[in-house]
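This report walks a new reader through one protein model, beginning with its cysteines and moving on to its sheets and helices. Please keep the sequence and the structure in view while reading.

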Amino acid sequence: MDEKVNIVFLGPPGAGKGTQAAGISRRFAICHISTGNLFRQAVEAQTPLGRQVKAYMEAGALVPDELVIQLVKDHIQSKRCKRGFLLDGFPRTVSQAQGLEAILRQQGDCLRWVIYFDIQEEDLVQRLLHRRVCSNVSCQQTYNLRTFPPQQEGKCDRCHSPLIRRKDDNRESISTRFRDFEKKTQPLLDYYRKKGILVQIPANRPAKEVEERIVRLLENDNF
Ligand code: AMP
């Protein structure tokens, strides 16, 4: 893979996007942009952005489009992304997708694949309740106690910080986030299908299997 590749991971919360994004971005040396992780870092550091988004995040509500688009723009245009990027958790609305397109058009760039993590709601609730994340905000590696456990109980494989449960991984926030996904994010499937860049993968399979499918897709693409 010699040329630049820009990928989007699309899917409901808990579909495994974050887990896969960490490994895939390392393997293909592209930058991983997780808007959720960036917002959590901003909240933790109490930056002006963090103060603006805190309440939305705690309620499991979407942050206003303008704020997210600006954040993504700053990252995509950074040197770190010169080999390409993997967007995880963005876009989540048609207006965000249009914003992304405008940014890419400006720099003569485009998306290669939008990978949709397909999974049923029943599977998601269980996954989110079993999800643990690294408490170190500059790491935030995601685990699942059942499908992708850490090597050492309660500790991150990468930085050995304690694992915690995300504040918004409670039944009420999970339900708000899933409804938002259905209403605001699902229309993006058609949007990207029409552009011919949508690839659907069954996300209820073990993490290793999902990873192999993504790797095969990217490796056979002759960038
Ligand atoms: P995530 O880690 O992707 O589940 O995101 C956690 C929270 O960050 C979401 O529930 C939203 O409050 C906010 N967030 C992350 N990405 C976006 C986005 N693309 N649009 C709006 N809000 C977002």
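Why is the sulfur of Cys159 not in a bond with the closest cysteine sulfur, in Cys134? In this predicted model, the sulfur of Cys159 lies 3.4 Å from that of Cys134, and this is too far for a bond, because a disulfide requires two cysteine sulfur atoms within 2.5 Å. Cys159 itself is partly exposed, its relative accessible area being 29%.

A similar case is found at Cys139, whose closest cysteine sulfur belongs to Cys156 at 3.8 Å, again too far for a bond. Cys139 is buried, with a relative accessible area of 13%.

A search of the whole structure does find 1 disulfide, and this bond is formed by Cys31 and Cys81, whose sulfur atoms are 2.0 Å apart. The link of Cys31 and Cys81 is right-handed, with 80 degrees about the S-S bond. It connects distant parts of the chain, since Cys31 belongs to strand β2 (residues 31-34) while Cys81 sits in the loop between α4 and β3 (84-88), 50 residues apart. Both Cys31 and Cys81 are buried.

The sulfur distances discussed above are set side by side here.

| Cysteine | Partner or closest cysteine | Sulfur distance |
|---|---|---|
| Cys31 | Cys81 | 2.0 Å |
| Cys159 | Cys134 | 3.4 Å |
| Cys139 | Cys156 | 3.8 Å |

Strand β2, which holds Cys31, also takes part in an open sheet of 5 strands, arranged in the order β2-β3-β1-β4-β8 with parallel pairing. The edges of this sheet are β2 and β8 (198-202), and each has a single partner strand, so one side of each is left without a neighbour in the sheet. From one strand to the next, the twist averages 20 degrees. Within this sheet, strand β4 (residues 113-118) is joined to β8 by 5 bridges, the two strands running parallel, and Ile115 has Val199 in β8 as its bridge partner.

Helix α2 packs on this sheet, where it touches β2 and β3, and its direction makes about 70 degrees with that of β2. The helix has another partner as well, for α2 (residues 35-44) packs with helix α4 (residues 65-76) at an angle of about 100 degrees, their axes lying 11 Å apart. The two helices α2 and α4 are therefore roughly perpendicular to each other. On the side of α2 the contact is made by Thr35, Leu38 and Phe39, and on the side of α4 by Val68, Leu71, Val72 and His75. Sorted by class, this contact of α2 with α4 comprises 5 nonpolar and 2 polar residues and no charged ones.

A further open sheet has 3 strands in the order β6-β5-β7, and its pairing is antiparallel. Here β6 (142-144) and β7 (163-164) stand at the edges, each with a single partner strand, so that one side of each lacks a neighbour in the sheet. Strand β5 (residues 131-134) and β7 run antiparallel and are joined by 2 bridges, and the bridge partner of Val133 in β7 is Ile164.

Where, finally, is the place of Asp169? This residue is found in the loop between β7 and α7 (171-185). Asp169 is buried, with a relative accessible area of 1%. Leaving aside residues up to four places away in sequence, Asp169 touches Leu128, Leu129, Arg131, Ile174 and Arg177.

How values were computed: Residues are numbered from 1 along each chain as its sequence is written. This is a predicted model: local features need pLDDT of at least 70, side-chain atom pairs count only at pLDDT 80 or more; totals for chains, interfaces and linings use all residues. Side-chain values use heavy atoms; hydrogens and water are left out. Axes are lines fitted to C-alpha atoms, for helices over the stretch in contact, and angles run from 0 to 180 degrees between N-to-C directions. Helices (H or I, at least four residues) and strands (E, at least two) are DSSP runs, numbered from the N terminus. Angles under 35 degrees count as roughly parallel, over 145 as roughly antiparallel, 65 to 115 as roughly perpendicular and the rest as oblique. Contact means heavy atoms within 4.5 Å. Ala, Val, Leu, Ile, Met, Phe, Trp, Tyr, Cys and Pro count as nonpolar, Asp, Glu, Lys and Arg as charged, and the others, Gly among them, as polar. Buried means under 20% relative accessible area, exposed over 50%, partly exposed in between (1.4 Å probe, protein chains only). Two strands pair if DSSP finds at least two bridges between them.
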